[in-house]
Number of protein chains: 2
Amino acid sequence: MHKIRFLPHNKALDVEDGENLIRAAMDLGVHINASCGGAGVCGKCRVIIEEGKVDGGISEKLDEKDLARGYRQACLSQVKSDLTVRVPVDSAIDASVLERQTTSRRIAHIQGIKLEELKDKGLFFPPVEKKYLELPAPSAQDNLADVSRLVGFLKLSHDEHRLEVDLAVIRKIPAVLREGDFKITATLVRPVREGGGRARIVNVQPGDKTGRNFAVAMDVGTTTIYGQLIDLITGHTLAQYGDFNGQISYGEDVISRIVYAEKPGGLQRLHEVVMETINKVIHKIIARSKIDPDEISTITLAGNTTMTQLMLKVDPRNIRRSPYVPASTLYPPLNATSLGFDLGDQVTALVYPAVSSYVGGDIVAGVMGSGMYRAEELTLYMDIGTNAEIVIGNKDWLACAACSAGPAFEGGGIKLGMRAVKGAIEDFSIDPLTFEPMIITIGNVKPKGICGSGLITTVATLFEAGIIDNMGKYNRDLNTPRIRATDGIWEYVLAWAAETQIGKDVVLTEPDIDNLVRAKGAMYSGTLTLLEEVGLTINNIKRIILAGGFGSYVDLEKAMAIGLLPEVDPQRVVFIGNGSLMGAKMSSLTNRIRRDVVEVTKK
Amino acid sequence: MHKIRFLPHNKALDVEDGENLIRAAMDLGVHINASCGGAGVCGKCRVIIEEGKVDGGISEKLDEKDLARGYRQACLSQVKSDLTVRVPVDSAIDASVLERQTTSRRIAHIQGIKLEELKDKGLFFPPVEKKYLELPAPSAQDNLADVSRLVGFLKLSHDEHRLEVDLAVIRKIPAVLREGDFKITATLVRPVREGGGRARIVNVQPGDKTGRNFAVAMDVGTTTIYGQLIDLITGHTLAQYGDFNGQISYGEDVISRIVYAEKPGGLQRLHEVVMETINKVIHKIIARSKIDPDEISTITLAGNTTMTQLMLKVDPRNIRRSPYVPASTLYPPLNATSLGFDLGDQVTALVYPAVSSYVGGDIVAGVMGSGMYRAEELTLYMDIGTNAEIVIGNKDWLACAACSAGPAFEGGGIKLGMRAVKGAIEDFSIDPLTFEPMIITIGNVKPKGICGSGLITTVATLFEAGIIDNMGKYNRDLNTPRIRATDGIWEYVLAWAAETQIGKDVVLTEPDIDNLVRAKGAMYSGTLTLLEEVGLTINNIKRIILAGGFGSYVDLEKAMAIGLLPEVDPQRVVFIGNGSLMGAKMSSLTNRIRRDVVEVTKK
């Protein structure tokens with residue numbers, strides 16, 4: 001770690017070796033003009049290294065004299081020692097301006113799943129276990145059936161009673177026993193409740209394979225399907241892959257998918273198409289993790305109610321008709337092969353239960369995976385996206401609303417909006433006197449547009465600097481070419497055409513701001529409505545769990561500033577990424593989740 | 001009923017109205033020469049109706065004078081009143097000869113399954129039940145998922161707890177509920193033990209269908225596959241059909257099937273071929289019973305260990321290799337559709353457990369279906385066929401042997417042997433002085449050959465008449481053209497060429513007798529060996545259960561005479577027909593069998 005001090009601000013922070021200097025400034029709230037996103041081409045982010053050492057920072061924008069005086073381009077500099085860095089601010093900027101700089105950027109703490117933690121918390125009940133057995137070989141005096149030999153030995157030597165044996169195992173066992181010279185590994189799938197049913201023997205493998213045990217976790221989204229390959233011994237994710245749901249060509253949202261499913265052959269087609277995508281994801285994560293597919297024991301799937309019914313070929317027509325009744329909210333464990341998954345016959349498919357037509361298994365998975373359902377204090381869970389879900393509650397009760405936020409958070413409906421990929425402006429700061437921006441893009445390349453988290457930060461920053469008012473309108477009286485009306489629409493120029501990848505100005509228009517306001521308004525209203533239903537106010541919320549595709553880069557204070565999030569201590573905000581996928585992974589690792597989930601859906 | 005008295009024998013019996021006169025004579029042990037099998041063409045079976053009235057009995061073999069004197073052909077006469085019938089015997093036959101006539105024919109009492117009897121005995125635990133429900137329609141205030149509505153109502157109003165819902169039901173329920181205006185019938189499959197697991201909802205149908213509930217029972221034999229369609233409300237068999245197992249072209253016995261299964265693709269092929277036959281049988285019995293396939297809830301299958309493994313695509317190679325280990329003796333309940341049965345997705349397939357490689361589910365089914373496992377007294381169960389099985393025991397213990405009897409009982413290895421179909425000689429008597437035969441064929445047509453039960457009766461009769469000795473050799477010194485040597489092989493002519501359908505003499509040769517002796521010897525040795533194992537003798541056997549294709553027509557006293565059956569009171573012998581099929585039917589009707597069967601296989 002190195003300490004960096006910025007002058008004349010006299011603000012410091014610790015960063016890791018090799019950190020990019022302009023990102024360090026942004027995180028600390030130190031503004032440095034920069035309009036090429038960090039690509040090194042605008043040459044505006046000149047700083048003077050007064051003490052210490054950086055790698056890089058040199059470009060044709062700096063001549064030898066500049067270099068000799070210690071000038072470097074901040075966006076090209078990697079921190080290699082403690083540093084004192086002077087930002088050559090305009091003399092007109094006085095101390096009060098410096099104090100008006102925004103606070104340090106606060107992003108949410110990322111919450112993952114750690115197996116050791118689950119064990120410590122008493123939450124670890126492995127749903128799948130492997131047992132290594134050295135069986136006596138059969139003889140004329142002992143010619144029990146292969147399965148009886150296995151079951152008998154598990155009873156006698158491992159105290160395993162009430163076992164059920166899958167047909168897939170009966171089909172494999174004769175060859176496996178003899179290949180392994182009667183030394184084999186048996187895979188047992190435990191009932192949800194201890195002592196509450198039979199354990200199933202789902203696989204047998206020759207030799208000792210107890211060290212290898214895997215599962216697939218999957219988020220079956222309307223737009224995207226993500227899969228993870230989980231190592232059940234270590235709890236690690238070995239591979240992850242996401243792909244667009246092939247159903248997109250049959251409609252972008254669940255309603256249009258349901259409409260298509262009602263046509264002759266439509267349900268069958270949508271079922272086949274989503275299975276194709278799921279199988280593609282399965283193939284990718286198996287190939288990437290380089291495991292033997294025979295070592296996979298379960299696949300856990302979470303999706304909204306419509307996606308779940310389409311995947312299982314259950315007619316979803318009543319989901320879109322009043323009174324909005326799903327076929328089922330619970331599904332039994334299913335054989336993966338017979339459902340059409342390209343997985344071995346030993347694999348059990350577990351499908352996350354839903355609450356109702358519009359509170360699906362995806363949000364239930366998020367509530368389970370994040371541990372919210374075990375929370376003591378009042379918690380707000382927000383899955384931010386086009387279809388945003390909000391859950392409020394704790395271990396005693398839960399209330400959920402689904403909000404149609406629109407696509408603004410994913411860059412949709414924004415003139416130069418884009419997904420959070422390379423070239424998207426993800427961070428923004430402004431010089432309060434000159435109104436010159438400091439922008440950073442994903443990948444430090446010239447900007448192409450703005451992503452959801454960039455949008456939130458930019459709008460919040462412009463609002464805090466008084467450049468937009470609380471109606472979301474630009475101050476028409478500021479003396480800068482960056483604020484202008486084009487064809488009667490007011491906008492702020494984040495980057496001039498020459499500094500972009502797209503050959504035109506990257507702008508943020510008032511209609512863009514309107515879209516963001518509506519999106520955050522939808523979520524805020526959802527939150528307030530839920531709170532009102534249970535007689536609470538926004539001030540009662542003590543903790544926030546953020547989920548969704550872009551949440552990890554949201555500047556929490558900015559998100560609170562625009563009213564997207566209620567104001568709580570940023571320390572009390574965690575980000576879990578794809579909540580649905582996290583829930584699916586969590587269920588793969590411990591039966592505690594499946595034990596609790598039915599009660600949770602009833603809460 | 002009518003009383004018939006035969007003169008000069010002065011023997012009488014009661015027969016049903018319409019009984020064939022020659023069959024009545026045969027049953028009573030009255031010999032009448034008859035060599036055309038009852039077809040009415042040889043004209044030898046002339047009798048005089050002295051009192052009473054018959055229908056028919058007239059042919060061109062009788063002229064007007066004969067008719068006026070009361071002559072009729074016995075084989076063409078149906079009894080319509082009490083009768084006195086004179087057999088015009090040769091005057092040389094004196095009283096002592098008449099007294100040497102064989103005793104009345106004693107066939108086994110036929111034991112079937114009656115639902116009321118099961119209820120009376122406390123054995124009736126229906127494995128499948130239907131419940132009619134009138135559910136409240138959903139509303140904005142009550143928009144539970146369809147499945148939750150059903151399950152909730154079953155809990156509240158029918159006290160049904162711990163229910164599991166099949167995916168097939170989830171797929172059907174939205175349409176079925178709305179088609180039936182929320183009045184539906186749910187089909188529940190009960191766990192084997194009351195309170196010992198969850199009941200599964202396997203089907204839903206619109207309206208009240210509680211009066212219609214069906215099952216399929218099937219015997220998957222090496223040679224033949226029989227299916228029955230069972231009405232679970234009445235216990236009746238609505239349709240039955242049997243067909244040759246398509247696997248026959250891949251080998252006649254289980255060993256050659258196993259050899260074929262070991263070739264590349266062989267197991268898959270044999271699996272497909274047996275499924276084709278099974279599905280053909282399923283289609284036939286559904287069509288014949290005119291039921292809706294959606295009303296079938298279970299299929300129960302019994303077969304020997306090899307047939308079961310081939311049907312379930314489980315490699316049988318170790319069955320034919322020392323120490324003869326099957327893959328499994330127990331199978332879990334399976335989904336019929338995913339196994340490849342042409343039955344609805346609601347159907348559960350139940351497979352009979354086996355004891356070992358050569359004591360299969362077919363014999364276990366016979367033991368269960370016949371109720372032998374509940375017997376107080378020592379019982380001998382014999383399934384007579386090419387692969388004959390013998391079980392000895394009672395409610396406390398059971399011992400089983402499989403005997404390779406060879407195909408003699410099914411007409412195989414016998415020069416003019418045939419299956420028990422139309423044209424087969426099934427009954428035989430002989431005039432002890434003239435050595436002329438009395439033969440009756442199945443269907444009363446001219447003979448084509450001799451079936452298993454005919455073979456037993458003929459050999460026993462010839463032995464009792466002193467025509468063959470206890471080595472199975474013909475007496476070479478008798479004055480009759482019917483006993484002769486052809487190409488050095490001695491034989492008895494049952495029917496001359498002109499009186500047959502095949503244009504050549506129907507004969508019984510000494511090698512034929514040898515084959516029968518070996519077959520019955522195998523079974524007798526099996527019985528003695530079993531008894532010796534448990535320290536008992538043949539005299540301890542108090543009761544016999546006969547099973548197999550031809551057993552119903554076996555003359556018990558004849559079978560005891562040749563040593564095929566131990567001598568017990570014929571009243572204590574029952575015939576159950578196809579024991580494997582009976583067991584499958586019994587399991588369809590009551591869970592008591594499935595509850596008991598695992599314990600029985602351990603006995």
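This short presentation covers the contact between chains A and B, two open sheets, a salt bridge and a hairpin. Please keep in mind throughout that the model is a predicted one.

I begin with the interface. Chain A brings 33 residues to the contact, and chain B brings 33 residues as well. Between them the two chains bury about 2600 Å², and 63% of that area lies on carbon and sulfur atoms. In chain A, two elements each give two or more residues to the side that touches chain B, namely α5 (146-158) and α6 (167-179). Of that side, α6(A) supplies the largest share, with 6 residues. By residue class, the side of chain A that touches chain B divides into 22 nonpolar, 6 polar and 5 charged residues.

How many salt bridges are there between chain A and chain B? The count is 0. Polar contacts, on the other hand, do appear across this interface: 12 residue pairs are found, with both residues at pLDDT 80 or more.

Salt bridges are found elsewhere, since a search of the whole structure gives 72 of them over all chains. One that I would like to show is formed by A:Lys131 and A:Glu160, whose closest N and O atoms are 3.7 Å apart. Why does this pair deserve a look? A:Lys131 sits in strand β9 (residues 128-134) of chain A, while A:Glu160 belongs to the loop between α5 and β10 (163-165) of that chain, so the salt bridge ties together parts that are 29 residues apart in sequence.

I turn now to the sheets, with chain A first. Here 5 strands form an open sheet with mixed pairing, and the order is β2-β1-β7-β3-β5. At the edges are β2 (11-15) and β5 (71-73) of chain A, each of which pairs on one side only. From one strand to the next, the twist averages 35 degrees. Within this sheet, strand β1 (residues 2-7) of chain A runs antiparallel to β2(A), and 5 bridges join the two. One residue to locate on screen is A:Arg5, whose bridge partner in β2(A) is A:Ala12.

In chain B, let us look at an open sheet of 4 strands, ordered β9-β11-β12-β10, again with mixed pairing. Its edge strands are β9 (128-134) and β10 (163-165) of chain B, each pairing on one side only. Neighbouring strands are turned by 35 degrees against each other on average, with direction ignored. Strands β10(B) and β12 (residues 199-206) of chain B run parallel and are joined by 3 bridges. The bridge partner of B:Leu163 in β12(B) is B:Ala199.

Which helices accompany this sheet? Helix α5 (residues 146-158) of chain B lies across β9, β10, β11 (183-189) and β12 of the chain, and runs at about 100 degrees to β9(B). Helix α6 (residues 167-179) of chain B also packs on the sheet, where it touches β10, β11 and β12; the direction of α6 makes about 30 degrees with that of β12(B).

My last item is a hairpin in chain B. Strand β20(B) is joined to β21(B) through 4 residues. The strands, β20 (residues 387-393) and β21 (residues 398-404), run antiparallel and are linked by 7 bridges. Among the paired residues is B:Ala388, whose bridge partner in β21(B) is B:Cys403.

Terms used:
Residues are numbered from 1 along each chain as its sequence is written. Chains are lettered from A and ligands numbered from 1 in the order in which they are written. This is a predicted model: local features need pLDDT of at least 70, side-chain atom pairs count only at pLDDT 80 or more; totals for chains, interfaces and linings use all residues. Side-chain values use heavy atoms; hydrogens and water are left out. Contact means heavy atoms within 4.5 Å. Buried area is the accessible area (1.4 Å probe) that two parts lose on being put together, summed over both. A salt bridge is a side-chain nitrogen of Lys or Arg within 4 Å of a carboxyl oxygen of Asp or Glu. A polar contact is a pair of N or O atoms within 3.5 Å; within protein, one must be able to donate a hydrogen and the other to accept it, and residues adjacent in sequence count only if both atoms are side-chain atoms. Ala, Val, Leu, Ile, Met, Phe, Trp, Tyr, Cys and Pro count as nonpolar, Asp, Glu, Lys and Arg as charged, and the others, Gly among them, as polar. Two strands pair if DSSP finds at least two bridges between them. Axes are lines fitted to C-alpha atoms, for helices over the stretch in contact, and angles run from 0 to 180 degrees between N-to-C directions.
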